[in-house]
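Hi,

Here is the structure I promised to pass on. Have a look at it first, and my notes on what turned up follow below.

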Amino acid sequence: MQLVIRTDCRQKDLLEDPKIKTLLAPFEPVSSLEPLELDTECYYYITIRDNAPLKELIPQLMRIKSIEAVYEKPLDFPPM
């Protein structure tokens, strides 16, 4: 699955932040694309394992000061 994480653009590599790295490490995070930068916001697309507990993971990520929003990216196409 993919997470979209919106930040304030202070850091260039989201997965280098020790807090974020520690939270996501069990779910094998991989940056899917270069971050999308729009004015003062950056959108990071992070692929994690499908069995990640999003109900617990998203609130934990939201407690990190530089993160403004976290959500699961919907599928681009409906399942076949």
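**Strand E4 and its partners**

Serine 31 has isoleucine 46 of E4 as its bridge partner. Keep in mind that this is a predicted model. That serine belongs to strand E2 (residues 30-31), which pairs with E4 in the antiparallel sense over two bridges.

Isoleucine 46 turns up again with strand E1: the E4 bridge partner of leucine 3 is isoleucine 46. E1 (residues 2-7) and E4 are antiparallel too, with six bridges between them.

Then there is strand E3 (residues 36-38), which runs antiparallel to E4 and is joined to it by three bridges. One of the pairs there is leucine 38 with glutamate 41 of E4. E3 and E4 make a hairpin with two residues between them. Look at aspartate 39 in that turn, where phi is positive at about 50°.

So how enclosed is E4 (residues 41-47)? Five of its seven residues are buried, so the strand is largely enclosed by the rest of the structure.

**Helix H2**

Which residues of H2 are buried? They are Leu54, Leu57, Ile58 and Leu61. These residues cover an arc of only 95° around the axis, which puts them on the same side of H2. As for what they pack against, the buried residues of H2 meet E1, helix H1 (18-24) and E5.

**Serine 66**

Between helix H2 (54-62) and strand E5 (67-72) there is a loop, and serine 66 sits in it. Is serine 66 buried or exposed? Its relative accessibility is 14%, and the cut-off for buried is under 20%, so serine 66 counts as buried. Leaving out residues up to four places away in sequence, serine 66 touches Arg6, Thr7, Asp8 and Gln11. Of these, Arg6 and Thr7 fall within the range of E1 (residues 2-7).

**Lysine 73**

Past E5, in the segment that follows that strand, you'll find lysine 73. What does lysine 73 touch? With residues up to four places away in sequence not counted, the contacts are Gln2, Leu3, Val4 and Tyr45. Leu3 is the residue already mentioned as bridging to isoleucine 46 in E4.

If you want a distance to check in your viewer, try lysine 73 and threonine 40: their C-alpha atoms are separated by 21 Å, and the two residues are 33 residues apart along the chain.

Cheers

Note on methods
Residues numbered from 1 in each chain as written. Predicted model: local features only at pLDDT ≥ 70, side-chain atom pairs only at ≥ 80, totals over all residues. Heavy atoms only, no water. Helix = DSSP H or I, 4+ residues; strand = E, 2+ residues; numbered from the N terminus. Buried < 20%, exposed > 50% of the residue type's maximum accessible area, 1.4 Å probe, protein only. Contact = heavy atoms within 4.5 Å. Pairing = 2+ DSSP bridges. Arc of directions from axis to C-beta.
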